[in-house]
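Please open the structure in your viewer and keep the sequence panel beside it, since each stop on this tour begins with a selection.

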Amino acid sequence: MSQEATIQTDVVVIGAGPAGLSFARAAAPGGVRITLVERSPESVLAEPPYDGREIALTHKSKELMQHLGMWDRVPENEIYKLKDAKVVNGTSDYQLHFPQPDRARGKPTDTLGYLISNHNIRRSAYEAAKTQDNIRFVCGVGVKEVKTDADKASVTLDDGRQIEAKLLVAADSRFSQTRRQLGISADMHDFGRTVIVVRMRHTLSNNHSAFECFHYGRTLALLPLEEHLTNCVITIDSHRADSILSLNPEELAADLTRQLGGRLGEMTQESEMHTYPLVGVHANAFSAERSALIGDAAVGMHPVTAHGFNLGLESAEILARLVAEAAGKGKDIASPVLLARYQREHMFNTRPLYHGTNMMVKLFTNESPPAKVLRSLVLRLSNNCPPIKQAISRQLTG
Ligand SMILES: Cc1cc2nc3c(=O)[nH]c(=O)nc-3n(C[C@H](O)[C@H](O)[C@H](O)COP(=O)(O)OP(=O)(O)OC[C@H]3O[C@@H](n4cnc5c(N)ncnc54)[C@H](O)[C@@H]3O)c2cc1C
């Protein structure tokens, strides 16, 4: 790329993760010039490494990804169908069951949702964005500083280059520096826990069923990929994470087999373990002068309800639609009215989901005797109260 001192663009997006790339791809047909700034080199965007995350996607996210030309770029045999889901509490056999639906978003279906590895989502989003001539990539360099005023947003890169835009979009993760520099506060909750993810092969079928088990002391989620291949998501207090990370493959397999009471038969470790700190974030505003937050920079969800990227896609779709509409009418693409509308539409969904998820996690990781009883009651109430169950199922399918 040329080394001109100041890059002039319409929209500057900070962070080419799945949210930033999806937004750029969605906004590009509106004709605006978009510049994506990403700290990683472009070769990593083109071939992102496997990072252990298997992303559960709703039917709505599938539609959005199809519309953006992302879905068809994921190898067909790496899109895993999730038939149904079960939740159990502690040592009890009682299950809250979300069965295989026969309809989702008004169409017949045989799946509750889909699972796609995060690296496949990132790669497909990058390839889809590359098809658009009006998206420019500035990679391998971080952002040092951002500033906005009534007329423009200015970004200073680590190598001293400047970018000026009408609209700045922060998509630089839940620990967003840009959000902080824009002066947007956030509700941040550190659960003090670590998520460990690992693929395991096993001799018995997983029946393409997701399984969430709130054991006492740790949580274990099973995400079915192939019939005999499952992603295990272990959530454990951070000071105890080493007790799992230090296990050799045989010890890990034995530990998980014991935790699961042998429900998947004999297990063998298929991938290395990856870890993530468990921190939930909800920004108190999704916009500021000439700027907006999307993806995890706006809302970084606890992964238990698998909403993070689904919400990230929604944020990208809403903001891109409003920007394209304004550009089409020759209006300001970062007017206070437009940004307020973006915030209203997106936050309508995110606030209840974020706080509801955190409340549920607190209850299901609280091991006092009254909490254990309440956990069991909540599962039974959700199972036997059709409106509650339907509302949760709707959230799962999108
Ligand atoms: C274990 C786990 C399981 C999950 N499971 C699910 C699930 O089942 N379903 C679901 O929907 N979601 C799930 N998620 C959430 C999902 O992974 C995130 O919501 C999604 O990856 C967020 O994408 P993003 O683009 O907003 O942020 P990120 O993926 O964090 O990308 C941010 C990008 O910004 C770049 N960047 C950061 N700072 C700068 C800077 N200063 N300058 C330039 N570039 C910068 C980074 O290099 C990165 O490329 C899960 C998350 C975890 C940890």
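Begin inside this predicted model by selecting V11, F23, I34, M65 and L319, the residues that touch the most other members of the largest nonpolar core, which has 76 residues in total. Adding helix 9, residues 308–328, brings in the largest share of this core, 10 residues. A second core lies apart from it and consists of 25 residues, including A210, V304, V361 and L363.

Return to V11 and display its surroundings: leaving aside neighbours within four places in sequence, V11 is in contact with F23, V32, R33, I34, T35, A165, L167, V169 and I333.

Next select helix 1, residues 18–27, which is largely enclosed by the rest of the structure because nine of its 10 residues are buried. The buried residues of helix 1 are P18, A19, G20, L21, S22, F23, A24, R25 and A27.

Move on to helix 3, residues 59–67, where H59, S61, L64 and M65 are the buried residues. Just after helix 3, select G69 and inspect its backbone, which takes a positive phi of about 75°.

Staying with helix 3, show the side chains of K60 and E314, which meet in a salt bridge with an N to O distance of 3.9 Å. This pair links distant parts of the chain, with K60 in helix 3 and E314 in helix 9, 254 residues apart. K60 counts as partly exposed at 26% relative accessibility, whereas E314, at 15%, counts as buried.

Another salt bridge to display joins R73 and E127, whose closest N and O atoms are 3.9 Å apart. R73 lies in the loop between helix 3 and strand 5 and E127 in helix 4, residues 118–130, so the pair ties together parts that are 54 residues apart in sequence. R73 is partly exposed at 32% relative accessibility, and E127 is partly exposed at 26%.

The structure holds 25 salt bridges, and a further one to select is formed by K166 and D10, with the closest N and O atoms 2.9 Å apart. K166 sits in the loop between strand 14 and strand 15, and D10 in the loop between strand 1 and strand 2, so that this pair links parts of the chain 156 residues apart. D10 is buried at 8% relative accessibility, while K166 is partly exposed at 39%. For a group of linked charges, select E317, R321, E325, R341 and E345, which are joined in a network of salt bridges.

Now go to L157 in strand 13, residues 153–157, a buried residue with a relative accessible area of 0%. Beyond its neighbours within four places in sequence, L157 is in contact with V37, V138, V141, G142, V143, K144 and I163.

Which polar partners does the side chain of H202 have? A polar atom of this side chain lies 2.7 Å from the backbone oxygen of L204, and the side chain also makes a polar contact of 2.7 Å with the side chain of T230. H202 belongs to strand 16, residues 186–202, and is buried, with a relative accessible area of 6%. Leaving aside neighbours within four places in sequence, the contacts of H202 are E227, H228, L229, T230, L264, E266 and M267.

Finish on the surface by selecting V373, L374 and L377, which make a nonpolar patch of about 280 Å²; V373 is found in helix 11, residues 369–384.

Methods:
Residues are numbered from 1 along each chain as its sequence is written. This is a predicted model: local features need pLDDT of at least 70, side-chain atom pairs count only at pLDDT 80 or more; totals for chains, interfaces and linings use all residues. Side-chain values use heavy atoms; hydrogens and water are left out. A nonpolar core is a set of buried Ala, Val, Leu, Ile, Met, Phe, Trp, Tyr and Cys residues joined through side-chain atoms within 4.5 Å. Buried means under 20% relative accessible area, exposed over 50%, partly exposed in between (1.4 Å probe, protein chains only). Helices (H or I, at least four residues) and strands (E, at least two) are DSSP runs, numbered from the N terminus. Contact means heavy atoms within 4.5 Å. Patches are made of residues with over 30% relative accessible area and no salt bridge: like charges are joined within 9 Å, nonpolar side chains (Val, Leu, Ile, Met, Phe, Trp, Tyr) within 5 Å. Accessible areas come from the Shrake-Rupley method with a 1.4 Å probe; for residues, only the protein chains shown count as cover. A salt bridge is a side-chain nitrogen of Lys or Arg within 4 Å of a carboxyl oxygen of Asp or Glu. A polar contact is a pair of N or O atoms within 3.5 Å; within protein, one must be able to donate a hydrogen and the other to accept it, and residues adjacent in sequence count only if both atoms are side-chain atoms.
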